[in-house]
Amino acid sequence: MTIPFDTRNLVKTSIAIATSMAIWGCDSDNNESIVSITPPPAEAVSEPVSSKFSIGLLPDTQGGTDAEGQSHVAIYPMQNVLRQQSQAGVDMVIALGDLTDGGSALEFAEWSTVAKSYQDQGIEFLPVMGNHESSYAYTVNWIDNMKNYIPQDAIHMPSYEWLNYYIVRENVLIFGLAYYNLPVAFQWIKDTVLANEESIDHIVVASHDGLIGAKYGQTLEQIVDGTKDDDWVYDVQPQIRQFFADHDVIYVQGHEHQYQRSLISATKTLETYPSSSTPTGGNYRMGAYTQIMAGNASYKGYEFRYGERELVQMIVSQKNATYSEVNGSDHYDVNSAILTFEGQQVDYKAYYAEHQAKSNDSEYDFTADWMLFDKFSRTTNRCETAIYPNSILQDTRPVLVFQTQYLTNDCYGDDGSF
């Protein structure tokens with residue numbers, strides 16, 4: 001569980017917002033009183049102004065099969081997510097794969113019936129192919145049904161057109177990748193980032209699955225679970241973690257039918273030290289990137305399975321609902337998360353609502369009672385650390401790099417505040 005914690009209630013700093021396990025110190029860009037030192041005079045620098053741009057995350061929308069064996073889209077959760085995100089004023093919705101359960105024409109029609117009404121309102125969609133599309137719909141049906149949603153100005157990866165592509169909106173570079181395509185697309189991602197880095201402040205990589213999972217994940221499936229001879233993930237995953245950490249990537253995904261926000265380390269968790277500031281180099285970040293599993297918008301839920309993740313992952317927030325009579329919950333969650341970018345700042349909010357819908361039968365229609373349960377705000381110029389306040393035994397603490405108190409070293413804003 002994540003508990004919002006705002007250091008502005010203790011000392012008036014520029015912006016420093018924390019959760020129970022992560023804390024950032026950021027640039028000063030508000031009007032609150034702040035602790036400050038007198039900075040040296042500096043010439044005014046005019047920087048390009050970026051408008052606010054917000055992205056809604058739509059998790060898996062599989063609806064299971066009916067009595068006749070026909071697969072469906074989970075209409076009621078999908079409607080609730082898009083309604084909430086539309087009311088919040090999002091500019092774009094990233095559909096994070098497994099839009100369908102069986103990849104049938106009927107399911108694509110159901111999905112489009114819901115999405116089209118919001119597209120007509122001006123919301124842009126960025127869909128990525130999940131394993132249920134690649135296994136059942138195949139590329140031809142995917143392109144036929146999604147080409148009217150994939151942005152017309154998207155730049156496609158050669159030989160993977162309509163599967164892997166990117167767009168730029170304001171100062172945000174956004175990649176869409178098909179299921180299991182992260183290692184395949186990595187070099188193309190690197191080349192694209194390096195070619196655009198002068199004009200962008202934020203990078204979002206969206207795919208159906210990721211390197212580190214809560215139940216699945218590419219490193220678990222390809223390395224831990226017995227397919228080590230297939231090294232297409234193993235050889236490149238350290239490079240992916242390092243590059244994403246260096247470039248402050250926000251990685252968003254579906255696939256897991258549960259919510260999780262983590263820091264993924266470039267090296268190892270025990271080698272990932274908190275960041276601070278130096279007189280000559282200024283503020284520096286931790287060697288990690290943010291991974292967000294967007295949650296669930298379907299009629300199925302998964303458990304949280306342990307694995308290799310602790311080696312390179314620091315979990316900030318975790319929530320799942322299996323709707324299972326055996327050691328499970330009495331409901332599913334439907335999740336809606338929104339990323340908002342403005343200049344160098346990014347604000348993130350994640351919501352959940354409980355429901356007991358199991359199909360599109362009218363008896364299961366519901367209106368979500370949304371609850372905010374996870375959030376962060378930060379800028380690109382920041383210091384950060386991970387806090388483990390009560391989960392590490394006292395005798396073990398001296399040998400770890402983990403912080404056990406909500407304390408950081410000074411972190412400086414451009415105006416001299418800290």
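**Exercise 1. The loop between strand 10 and strand 11**

Task: In this predicted model, establish where E170 lies, what the sign of its phi is, and whether the residue is buried or exposed, or something in between.

Solution: Begin with the position, which for E170 is the loop between strand 10 and strand 11. Next take the backbone: the phi of E170 is near 55 degrees, a positive value in a residue that is not glycine. As a background to this step, most residues other than glycine have a negative phi. Last comes the surface, where the relative accessible area of E170 is 41%; since buried requires a value under 20% and exposed a value over 50%, E170 is classed as partly exposed.

**Exercise 2. The loop between strand 18 and strand 19**

Task: Describe N327 and T322, which are both to be placed in the chain, and decide for each whether it is buried or exposed.

Solution: N327 lies in the loop between strand 18 and strand 19, and T322 is found in the loop between strand 18 and strand 19 (332–342) as well. For N327 the phi is about 55 degrees, positive although the residue is not a glycine, and because its relative accessibility is 82%, N327 counts as exposed. T322, by contrast, has a relative accessibility of 17% and therefore counts as buried. The surroundings of T322 can then be listed: with its neighbours within four places in sequence left aside, T322 is in contact with G301, Y302, E303, G328, S329, H331 and Y332.

**Exercise 3. The order of the sheet**

Task: Work out in which order the eight strands of the open sheet stand, and which strands are at its edges.

Solution: The order is 9-10-11-12-13-17-14-18, and the pairing in this open sheet is mixed. Strand 9 (155–156) and strand 18 (313–319) are at the edges, and each has a single partner strand, so that one side of each is left without a neighbour in the sheet. At the strand 9 edge, two bridges join strand 9 to strand 10 (residues 165–169) in the antiparallel sense, and within this pair I155 stands opposite Y166 of strand 10. Helix 4 (residues 182–196) packs on the sheet, where it touches strand 9, strand 10, strand 11 (172–177), strand 12 (202–207) and strand 13, and its direction makes about 165 degrees with that of strand 11.

**Exercise 4. Strand 17 and helix 6**

Task: Characterise the surroundings of strand 17 by its burial, by its pairing with strand 13 and strand 14, and by the helix that lies across it.

Solution: Strand 17 (residues 288–295) is mostly covered, eight of its eight residues being buried. With strand 13 (residues 250–253) strand 17 runs parallel, joined by four bridges, and here Q253 stands opposite M293 of strand 17. With strand 14 (residues 258–265) the sense is antiparallel, over eight bridges, and the bridge partner of L263 in strand 17 is T290. Helix 6 lies across strand 12, strand 13, strand 14 and strand 17, and runs at about 100 degrees to strand 17. D246 belongs to helix 6 (residues 237–246) and, because its relative accessibility is 47%, counts as partly exposed. From C-alpha to C-alpha, D246 and G287 are 7.0 Å apart in space, whereas they are 41 residues apart in sequence.

**Exercise 5. The packing of helix 1 and helix 2**

Task: Determine how helix 1 and helix 2 are oriented, and which residues make their contact.

Solution: Helix 1 (residues 75–87) and helix 2 (residues 105–120) pack at about 15 degrees, with their axes 10 Å apart. Angles under 35 degrees count as roughly parallel, and helix 1 is therefore roughly parallel to helix 2. The crossing of helix 1 past helix 2 is right-handed. On the side of helix 1 the contact is made by I75, M78, Q79, L82, R83 and S86, and on the side of helix 2 by E110, W111, V114, A115 and Y118.

**Exercise 6. The disulfide**

Task: Find which cysteines form a disulfide, and state which parts of the chain the pair ties together.

Solution: The count comes to one disulfide, formed by C383 and C411, whose sulfur atoms are 2.3 Å apart and thus within the 2.5 Å cut-off. The link of C383 and C411 is right-handed, with 90 degrees about the S-S bond. C383 lies in strand 22 (residues 382–386) and C411 in the segment after strand 22, so the pair ties together parts that are 28 residues apart in sequence. Both C383 and C411 are buried.

Definitions and conventions
Residues numbered from 1 in each chain as written. Predicted model: local features only at pLDDT ≥ 70, side-chain atom pairs only at ≥ 80, totals over all residues. Heavy atoms only, no water. Buried < 20%, exposed > 50% of the residue type's maximum accessible area, 1.4 Å probe, protein only. Pairing = 2+ DSSP bridges. Contact = heavy atoms within 4.5 Å. Axes fitted to C-alpha atoms, helices over the stretch in contact; angles between N-to-C directions. Parallel < 35°, antiparallel > 145°, perpendicular 65-115°, else oblique. Left-handed = near helix turned anticlockwise from the far one by under 90°.
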